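Please open the model in your viewer and keep the selection panel at hand. The tour begins at the ligand and then moves to the helices.

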Amino acid sequence: MLKKRIYLDNAATTPVDPAVLKEMMPYFMKKFGNPFSAHFFGQEAKVAIDNAREQVANFLGASSEEVFFTSGATESNNWTVFGVLKSVKTSAAAEKPGSIFVPHIITSAFEHHCVLNSSLASEKAGAKLSLIKPNVDGVIDAQDIAKEITDQTILISIMYVNNEVGTIQPIKEIGEIIKNAKADRLAKGNKMPLYFHTDAVQAANYLKCDVDYLGVDLLTLSAHKIYGPKGAGCLYVRRGTRIAPSQYGGEQESNLRAGTHNVPGIVGMGKAVSLIEKHKKGLPKMKKLRDKLFAEIMKISGTQINGSREFRAPNNANFSFRGIEGESLIISLDMAGIAASTGSACSSASLAPSHVLTSMGISPEVAHASLRLTLGKDATEQEINYVIKELPPIIERLRKISGRR
Ligand code: PLP
């Protein structure tokens, strides 16, 4: 047994980087002002928020007025779906009073639940919803989206990297398709907006997030997945995008997101984003360690890798083991000092098989037998070797108990 516990659940959350914590610390006690106060304390906090906004804007290739701080990705994604829907519905009603307008949303069947459930709630409230299924490798075909776009489509939301299988989605390609669809619409005199949103929470550490390169109108980030604090995130909103406020009250965030700013959290988010490029230097090593997990764990009989190996973030490994109950495996690994998961931390209380894996055409039985290992920037070879040594006897023992091989 290693003396230290091994944390391989970095898709659920990451530890705060020491440099991020250092940056945040003064904003709890010494520089505690409310950025909306006119005095010195307030202005000190305002400068810190302006600086963080600039850091995020630089990362996204955006301008700082297009960055809105939120409490995290769940809020940003809810805001996207409900905010776009509300604003477009309101303007459609104003333009043609009495007309019936059924807005159409396109998203994927394996989004994080905060996008999926917001979209399903919108469907219940009368919107039309198309759920695009990924292929068996966990990748969306951009042409499947093209086929679904109608004159009433107002929002397309596709995640950049899936949180369970780490697969990379063709966001740039989808962005091109949407750009052409917008141009066609305008040529036909249809003024209905068509917005493209991506949840880039699991991509930010690894992939280019420049909003013009991707062709997105809205983009979500969360601080705690990039070595920043929990409870801070942002939504990029391209200038000119119609979106209703996420909550009403004061005039914070240009009147679109009321409420006193989480100053330390926002400062931490800005710093975390500014460190991403530096951390990218460690990605080849991370990928090598992850590939070692693939190679060694696949030697266990009755094992499969879930999701494409080619289009995949370098930190993610996801397996299914024949005859194994994922939950028992997680408990056994935890007892051996290894923190892993079967899938999304937000769904871990649910006994339903992963909606991500089943949407890829994986059977509920195989989906129940899954293990997600997600490496962090400080993962070591010693830790990976320990997992490789501990896992086979655990699988063997669990298979003996279940009587299934
Ligand atoms: N979107 C994705 C892809 C995620 O992985 C997560 C977190 O698990 C979220 C959204 C929700 O993020 P937050 O915890 O910031 O609300």
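Select the ligand together with Ala 73: in this predicted model, a polar backbone atom of Ala 73 lies 2.9 Å from an oxygen atom of the ligand. Next, add Asp 199, where a polar side-chain atom is placed 2.6 Å from a nitrogen atom of the ligand. Then add Ser 222, which brings a polar side-chain atom to 2.7 Å from an oxygen atom of the ligand. With the surface switched on, consider how much of the ligand the protein buries. The ligand taken alone exposes 390 Å², and the protein buries 89% of that area.

Now extend the selection to the 13 residues around the ligand; those that come nearest are Thr 74, Asp 199, Gln 202, Ser 222 and Lys 225. Colouring this shell by residue class shows four nonpolar, seven polar and two charged residues.

From the ligand, turn to the helices. Two packed helices are described by the angle between their axes and the distance between those axes.

Select helix H3 (residues 73-95) and helix H4 (residues 113-124), whose axes are 9 Å apart and pack at an angle of about 25°. Angles under 35 degrees count as roughly parallel, and H3 and H4 are therefore roughly parallel to each other. Their crossing is right-handed.

Finally, select helix H11 (residues 283-297) and helix H15 (residues 381-402). Their axes come within 10 Å and cross at roughly 15°, which makes H11 roughly parallel to H15. The crossing in which H11 passes H15 is right-handed.

Technical notes. Residues are numbered from 1 along each chain as its sequence is written. This is a predicted model: local features need pLDDT of at least 70, side-chain atom pairs count only at pLDDT 80 or more; totals for chains, interfaces and linings use all residues. Side-chain values use heavy atoms; hydrogens and water are left out. A residue is near a molecule or strand if one of its heavy atoms lies within 4 Å of it. A polar contact is a pair of N or O atoms within 3.5 Å; within protein, one must be able to donate a hydrogen and the other to accept it, and residues adjacent in sequence count only if both atoms are side-chain atoms. Accessible areas come from the Shrake-Rupley method with a 1.4 Å probe; for residues, only the protein chains shown count as cover. Ala, Val, Leu, Ile, Met, Phe, Trp, Tyr, Cys and Pro count as nonpolar, Asp, Glu, Lys and Arg as charged, and the others, Gly among them, as polar. Axes are lines fitted to C-alpha atoms, for helices over the stretch in contact, and angles run from 0 to 180 degrees between N-to-C directions. Helices (H or I, at least four residues) and strands (E, at least two) are DSSP runs, numbered from the N terminus. Angles under 35 degrees count as roughly parallel, over 145 as roughly antiparallel, 65 to 115 as roughly perpendicular and the rest as oblique. A crossing is left-handed if the near helix is turned anticlockwise from the far one by less than a right angle, and right-handed if clockwise.
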